[in-house]
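User: I should like to learn how to read the features of a protein model, one at a time. May we begin with the surface and then proceed to the strands and rings?

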Amino acid sequence: MGNTSCMFCTCVEQGNIGVVERFGRFEKLAEPGLHIFNPFAGQYLAGILSTRISSLDVRIETKTKDNVFVQLLCSIQYRVVKAHADDAFYELQNPDEQIRAYVFDVVRALVPRMNLDDLFEQKGEVAKAVLEELGKVIGDYGYSIEHILMVDIIPDPAVRTAMNEINAAQRLQLASVYKGEAEKVLQVKRAEAEAESKYLGGVGVARQRQAITDGLRENILDFSHKVEGTSAKEVMDLIMITQYFDTIKDLGNSSKNTTVFIPHGPGHVRDIGEQIRNGLMEASTAQINVE
């Protein structure tokens, strides 16, 4: 609903304030409500101002310290101060244009002293500086600056593309570092696993050989006790012949082996046994000498 008025009375709505004149001279402010005027005494309502908060968007183009052209979008929220509504009514003819001019002046004096990265990081400081400077000036004209928001900072499109490429390159570099560290850890773990596997394999082979040795010793002693007149050497020769034929059988059953030429015959078997015994005796002698 609008403010209703006639020649003798006027109703000022809530959120507004009226300016009353007498013979063209300011007389008083009219609070919300019904007011009676005497037109014969030259009294009348000159105008009505809204005391609600108004918003003004200002787009400013300026240059930073590192020679980058940017556009800043500021949102200024202001209102008329009730106690000084007469100043707002008489002093400023176009408050939006005046506020826009002051914002341009403050921003273009402050931003050229900052680099682009600093501007993004300190846009709140820019808004605070604009609020302080603008509040000092506009306050004298009956207006109050409630808030100033630095809504957006828009660099030149070429600069934005370059910034995105720099950011992408930095992220790729960081990803390469992480990937290298991961591969390093993987190789270390693989080497540790291989070393552990070899160690366990060696332990298994040692235990296998120990078991074979214990089994051969038990077989020789058992055979010597059960068959009278046999010596340990004869039993060892018999076991060696048995192992020799088992080895030939395994070679023949394995499909992955290529052709293998080995000497065969009773004499060759005896030679193999002598070679093994000589090797064991030499190893025992060397161990005794070391001790």
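User: Which residues form a nonpolar patch on the surface, and how much accessible area do they have together?

Analyst: Please note at the outset that this is a predicted model, in which local features need pLDDT of at least 70, side-chain atom pairs count only at pLDDT 80 or more, and totals for chains, interfaces and linings use all residues. Residues are numbered from 1 along each chain as its sequence is written, and side-chain values use heavy atoms, with hydrogens and water left out. A patch is made of residues with over 30% relative accessible area and no salt bridge; nonpolar side chains (Val, Leu, Ile, Met, Phe, Trp, Tyr) are joined within 5 Å, and like charges within 9 Å. A salt bridge is a side-chain nitrogen of Lys or Arg within 4 Å of a carboxyl oxygen of Asp or Glu. Areas come from the Shrake-Rupley method with a 1.4 Å probe, and for residues only the protein chains shown count as cover. Here the patch consists of L174, V177 and Y178, with about 310 Å² of accessible area together.

User: Where is L174 found, and is L174 buried or exposed?

Analyst: Helices (H or I, at least four residues) and strands (E, at least two) are DSSP runs, numbered from the N terminus. L174 lies in helix α5, residues 157-226. Buried means under 20% relative accessible area, exposed over 50%, and partly exposed in between (1.4 Å probe, protein chains only). L174, at 44%, therefore counts as partly exposed.

User: How should I read a sheet, for example the one that contains β3?

Analyst: Two strands pair if DSSP finds at least two bridges between them. In this case three strands form an open sheet in the order β4-β3-β6, with antiparallel pairing. Because β4 (25-30) and β6 (43-50) each have a single partner strand, they stand at the edges, and one side of each is left without a neighbour in the sheet. Neighbouring strands are turned by 30 degrees against each other on average, direction ignored; axes are lines fitted to C-alpha atoms, for helices over the stretch in contact, and angles run from 0 to 180 degrees between N-to-C directions. Strand β3 (residues 16-22) pairs with β6 over seven bridges, and R22 has Q43 in β6 as its bridge partner.

User: What is the strand order in the sheet that contains β8?

Analyst: The order is β7-β8-β9, again an open sheet of three strands with antiparallel pairing. β7 and β9 (143-155) stand at the edges, so each has one side without a neighbour in the sheet. The twist averages 20 degrees from one strand to the next. Strands β7 (residues 54-63) and β8 (residues 69-80) pair over ten bridges. In β8, S75 stands opposite D57, and Q71 is the bridge partner of E61. The two strands form a hairpin with five residues between them, and N67 in the turn has a positive phi of about 60 degrees.

User: How many aromatic pairs does a search of the whole structure find?

Analyst: A pair of aromatic rings is described by the distance of the centres and the angle of the planes. Rings of Phe, Tyr and Trp (its six-membered ring) pair if their centres lie within 6.5 Å; planes under 30 degrees apart count as stacked, over 60 as edge-to-face and the rest as tilted. The search finds three pairs. One of them, F26 with Y90, is edge-to-face, at 6.0 Å centre to centre and 75 degrees between the planes. This pair links distant parts of the chain, 64 residues apart: F26 is in strand β4 and Y90 in helix α1 (residues 85-90). Ring pairs link F26, F89 and Y90 into a cluster.
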